[in-house]
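The exercises below are meant to be worked with the sequence and the coordinates open side by side. Each task sentence is followed by a solution that goes step by step.

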Amino acid sequence: MSGGAFGTEVTAAGVASSVLQVALTVAGAPLLVGLMRQIRARMEGRAGAGVGQPWRDLRKLMRKKPLAPDGTGPLFRTAPLVQVATALMVAAAIPFVSVRTGLGGAADLIAVVALLTLGTAALALAGLDTGTAFGGMGASREMTITALAEPTVLMATFALSTRVGSTNLPAIVDASLKDAGRVISPVSVLAAFALAAVVLAEAGRLPVDNPSTHLELTMVHEAMVLEYSGPDLALVELAASMRLAVLLGLWSALFLPWGTATSTGVPAVAGATVLFTLKVGVLGAVLAAGEVFMAKLRLFRVPELLAGSFLLAVLAVAASFFL
Amino acid sequence: MNTALLLAPVVVPAAAGVLYLFLGWRRTTRHLGTVSAAGILAFGIALAVRAVHDGTAVAASGWLRGDPLAGFLLIVIGAVAFVACAASPAYLAGERAAEHGDAASERRFAVLVQAFLAAMCLAVVGANLGLVWVAIEATTTVTAFLVGHRRSRAAVEAAWKYVVICSVGIALALLGIVVLYAAARHAGLSETSALSFQELAGHAHALDQQATRMAVALIVLGFGAKAGLAPLHSWLPDAHSQAPAPVSALMSGVLLSVSFSVILRTKQIADVALGTGFVKTLMLIAALATLAVAALLLIGQRDYKRMLAYSSMEHMGLMTLGAAAGTPLALSAVLLHIAGHGLGKAAAFCAAGRILQETGTSRIDAVRGLAARSPVPAGTFATAVLVLLGFPPFALFASELGIARAGFAAGLGWPIAAGFTLVLLAFAAIAAHTGRMLLGADPLQSAPAGSAGAALRAQTPLIAALVAVAFIGVAGWPLAHLLNAAAPLAGR
Amino acid sequence: MNGSADTQILDFACGLFLLAAVGALWRRELSAVIGLLAVQGAALAVIAAALGADEHHPELYAVAAGVGLLRAGVLPGLARRALAASGEDRESQPLVNVASSLLAAAALVLLAYAVAQPLARLDASPGARALPVGLASVLIGLFMLVARRKALSQVAGFLLLDNGITAVAFLAAAGVPLLVEIGVSFDLLLVVLVLRVLTVRMQSAFGATDLDDLRELHD
């Protein structure tokens with residue numbers, strides 16, 4: 001099956017479903033984070049702040065006065081915007097609810113990965129821009145992890161795209177919807193494990209990074225954004241939660257594609273929307289529950305995890321040739 | 001009839017092993033092993049005579065096969081085992097005197113030696129590559145506890161390395177066998193005939209070239225590990241120096257050659273399937289590498305049992321060189337070398353074991369003036385070393401000459417020249433080390449243990465072996481006929 | 001992929017087989033490594049059974065049962081008991097660190113793929129196509145033998161090597177003749193028993209099963 005069917009044709013219905021995806025992601029991402037925190041709190045025997053707490057935090061931060069530290073340049077102010085923008089783009093591109101997205105040929109797996117990395121890089125530059133010790137340390141750690149995760153992503157992408165003959169995301173998802181055996185094949189399972197490790201690393205979750213720590217020895221993402229406050233911080237937090245939602249969504253689109261609409265009919269899209277929300281919610285819940293039992297890896301063991309996921313990705317590529 | 005003749009060399013030591021298991025090692029049973037070895041020798045001779053006169057014996061629906069080569073190897077096993085088993089009572093008595101053993105360890109020793117013999121005989125009469133593999137791997141597991149017999153730190157270390165390296169090497173050979181099997185099945189051979197040496201050689205031209213090349217390389221590498229050929233040779237000096245003397249004699253004298261014979265039989269298949277160049281190149285590389293390792297490590301050697309072990313590697317390298325030449329003359333010489341080296345090395349190791357028991361050390365520089373102190377073991381050791389160095393009138397002189405001549409005739413001038421330069425280096429090193437051990441004043445100035453008569457009696461089997469080597473070397477009879485019949489089976 | 005359910009089961013078992021080999025290299029806890037060996041043995045049994053169903057070769061079911069019993073049950077069980085006796089549960093300092101080992105394993109898998117080509121060309125069956133899986137396990141086992149220092153890790157490496165060879169035998173030719181298979185299994189059992197006894201002796205002679213202590217014999 002070639003990617004040509006999903007070429008450059010951009011339909012109104014496609015644009016509509018993309019807009020729906022973006023809206024869903026923006027609205028749902030903070031709720032996803034809230035859900036995960038709530039599950040964690042309950043499992044640890046705390047009452048928890050409720051699922052809506054991240055939204056309330058964002059509202060509070062938005063009302064504050066923007067403030068930039070002395071000596072920071074425009075990069076510091078634009079980085080959060082870049083991150084939010086890339087996350088929005090990605091949300092529009094990945095076929096969450098329908099394989100007919102509004103981006104057509106641009107909805108490429110490599111493009112999606114590149115956009116996500118662009119956001120990471122922007123934030124790392126902003127961390128360096130502050131000139132503080134923590135900013136620099138966080139940026140260096142973040143870039144190390146990203147650099148280690150990147151080959152895995154490319155390998156896994158390669159493994160998934162060889163059998164479709166295209167790196168076009170809707171084409172890959174469509175092919176696996178049409179042939180269920182494609183999803184439960186060794187290639188797909190290996191790639192799923194490889195990408196799962198990368199998702200954890202890129203989204204800054206345990207065991208690579210602990211999103212709720214401010215311990216200087218261990219934090220990665222939090223160290224970079226330590227100097228942000230007010231609306232900028234709100235954007236950073238929103239972008240981080242969208243990133244998590246988008247990555248989980250990408251994973252579920254690739255490896256749990258069932259229910260994604262192949263047409264643009266309203267009932268199909270509505271059903272797919274509900275199902276997608278459910279899938280990401282369950283994945284988030286599983287992740288949160290898993291994190292309760294997990295300790296963060298020491299930083300020098302992180303390469304081990306990522307080397308392992310790289311190996312799995314290589315195996316996936318190899319398996320796509322001989323299994 | 002055929003079945004009985006082919007199974008007897010396996011059954012006799014197996015039965016002796018079972019008897020030892022129930023009766024233990026005692027005055028009445030201690031020569032049982034010698035009897036069983038004599039049985040192997042007798043059946044080997046019978047099989048060889050039959051194979052030369054009436055053709056190859058086949059039994060057990062093609063799983064066992066007695067060709068002249070198998071007969072010849074059985075004779076060598078029987079002869080070397082006879083020497084080793086006849087020397088065992090004196091060795092074990094010496095160990096008991098030094099409080100190194102008890103009844104249980106002696107029983108285990110006797111049982112395992114017989115099991116070892118049975119496995120080797122099975123490897124020789126097996127006609128199926130898979131069966132031969134199973135038998136050779138069985139020798140590894142059986143001898144593991146013989147190598148670790150003393151349970152000292154060094155013995156445990158040697159046993160571990162021996163088992164791991166040999167098992168891995170031989171596992172690679174199994175991979176090669178599996179690949180060869182797949183290629184043979186693809187070439188249309190049936191399930192049972194796809195691993196038979198004869199069927200494979202007969203259908204070799206139909207085998208897939210690339211798969212066969214991979215298979216043969218793995219088989220040569222794997223069985224080369226058991227034959228002490230580089231690069232998987234590092235277990236050999238450890239195992240041969242730590243094992244009890246009679247076991248070292250068996251391992252060095254025949255086990256190496258038995259594994260080597262599998263390479264010879266594989267070469268026969270590969271030469272048809274791939275042309276003679278491929279295995280020849282592999283063997284030349286392995287031979288020269290082995291000779292180089294042995295010669296270089298012999299120069300600075302400080303331990304005389306390790307010296308003998310490296311000498312075994314040197315001789316295996318030499319045999320591989322001869323086999324690479326591949327002409328009938330070369331192969332006859334190689335087979336003669338197997339016989340001469342087996343007996344000579346058995347005598348050398350058993351004498352070295354006696355020297356170790358008398359002096360309590362295996363360091364060359366701690367043993368001085370041995371000729372003055374205990375002339376009988378010193379005499380046998382010196383003579384055995386002369387055998388191994390290839391002096392006339394012993395058989396190795398004739399075989400080394402034959403290998404050199406055949407090698408030059410086969411157009412392998414440079415490798416043969418390089419190989420024999422290394423042999424010369426090893427020669428000088430061994431001669432110098434042995435000279436230092438035997439000559440000079442006795443640093444301990446102690447009286448030798450026991451009378452000269454008792455020492456002579458204990459060394460009788462070794463002296464007999466040395467006389468036999470000299471006899472073969474001078475007369476060639478009765479082996480010449482058998483060698484001529486066996487050599488074509490080992491080559492083109 | 002395409003093909004019948006047998007082929008899919010075969011593919012899955014091969015994937016699991018490879019994953020177990022890689023996992024054994026990944027984990028430091030020796031008990032986890034032994035567990036993965038058992039998983040690999042079970043996958044091997046499934047491979048044999050799937051091939052039996054695919055090629056209508058009922059004899060292979062019996063072989064599969066035997067292989068499963070030996071490689072998923074008896075051998076890991078022996079290794080586990082040796083582990084309990086040795087009292088050492090982690091490969092704390094391998095000669096090659098885990099991250100580099102994993103990258104090496106990735107290279108080895110690709111090498112196995114390249115090496116298997118002449119064999120895979122012999123036959124167009126799904127089994128022959130999956131041959132690199134067995135070879136990869138062989139290479140990973142060899143790597144583990146070289147790069148690990150604990151006695152039990154070497155045993156594990158040896159078992160990986162042997163499982164790989166058996167997998168090659170099944171995938172390339174639906175298994176070697178039964179008599180040879182029995183002999184090979186018996187030898188393997190003996191080797192593991194011998195190594196287990198030697199581990200105990202090493203423990204009492206050296207006080208540990210660290211192979212770095214084995215340096216009495218050298219030139």
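## Exercise 1: The contact of chain A with chain C

Task: in this predicted model, establish how many residues the contact takes from chain A and from chain C, and then which elements supply the side of chain A that touches chain C.

Solution. Step one is the count: the contact takes 18 residues from chain A and 21 residues from chain C. Step two assigns the chain A side to its elements, where α8 (186–202) and α12 of chain A each supply at least two residues. Step three asks for the main contributor, and α12(A) provides the largest share of the side of chain A that touches chain C, with 12 residues. Step four sorts that side of chain A by class, which gives 14 nonpolar, 3 polar and 1 charged.

## Exercise 2: A helix pair across that contact

Task: describe how helix α12 of chain A and helix α1 of chain C are placed relative to each other, and name the residues through which they meet.

Solution. Two packed helices are described by the angle between their axes and the distance between the axes. Step one supplies both values: the axes of α12 (residues 302–322) of chain A and α1 (residues 5–26) of chain C come within 11 Å and cross at roughly 155°. Step two applies the cut-off, since angles over 145 degrees count as roughly antiparallel, and α12(A) and α1(C) are therefore roughly antiparallel to each other. Step three adds the handedness, for α12(A) passes α1(C) in a right-handed crossing. Step four lists the residues: on α12(A) they are Gly308(A), Leu311(A), Leu315(A) and Ala319(A), and on α1(C) they are Gly15(C), Leu18(C), Val22(C) and Trp26(C). By class, the residues of this contact of α12(A) with α1(C) comprise 6 nonpolar, 2 polar and no charged.

## Exercise 3: The fold of chain A

Task: determine how many helices and strands chain A has, and decide how its radius of gyration stands against the globule rule.

Solution. Step one is the inventory, in which chain A has 12 helices and 0 strands. Step two compares sizes: the radius of gyration of chain A is 19 Å, close to the 20 Å that the globule rule gives for 323 residues, so chain A is as compact as a globular protein of that length. Step three adds the dimensions, with the C-alpha atoms of chain A filling a box of roughly 55 × 45 × 40 Å along the principal axes. Step four turns to burial and contacts: 53% of the 323 residues of chain A count as buried, and, among its contacts between residues at least 6 apart in sequence, 81% join residues at least 24 apart.

## Exercise 4: Chain B, outward and inward

Task: work out which elements of chain B face chain C, and then how α15 and α18 of chain B cross.

Solution. Step one: 40 residues of chain B are in contact with 34 residues of chain C. Step two: α5 (129–147), α6 (153–186) and α8 (209–226) of chain B each give two or more residues to the side that touches chain C, and α6(B) gives the most, with 21 residues. Step three: that side of chain B has 24 nonpolar, 8 polar and 8 charged residues. Step four turns to the helix pair, where the axes of α15 (residues 375–389) and α18 (residues 452–475) of chain B come within 9 Å and cross at roughly 15°, which makes α15(B) roughly parallel to α18(B). Step five: α15(B) passes α18(B) in a left-handed crossing.

Methods: Residues are numbered from 1 along each chain as its sequence is written. Chains are lettered from A and ligands numbered from 1 in the order in which they are written. This is a predicted model: local features need pLDDT of at least 70, side-chain atom pairs count only at pLDDT 80 or more; totals for chains, interfaces and linings use all residues. Two residues are in contact if their C-beta atoms, placed from the backbone, lie within 7 Å. Helices (H or I, at least four residues) and strands (E, at least two) are DSSP runs, numbered from the N terminus. Ala, Val, Leu, Ile, Met, Phe, Trp, Tyr, Cys and Pro count as nonpolar, Asp, Glu, Lys and Arg as charged, and the others, Gly among them, as polar. Axes are lines fitted to C-alpha atoms, for helices over the stretch in contact, and angles run from 0 to 180 degrees between N-to-C directions. Angles under 35 degrees count as roughly parallel, over 145 as roughly antiparallel, 65 to 115 as roughly perpendicular and the rest as oblique. A crossing is left-handed if the near helix is turned anticlockwise from the far one by less than a right angle, and right-handed if clockwise. The radius of gyration is taken over C-alpha atoms; the globule rule is 2.2 Å times the number of residues to the power 0.38. A residue is buried if 20 or more other C-beta atoms lie within 10 Å of its own, exposed if 12 or fewer, and partly exposed in between; C-beta atoms are placed from the backbone.
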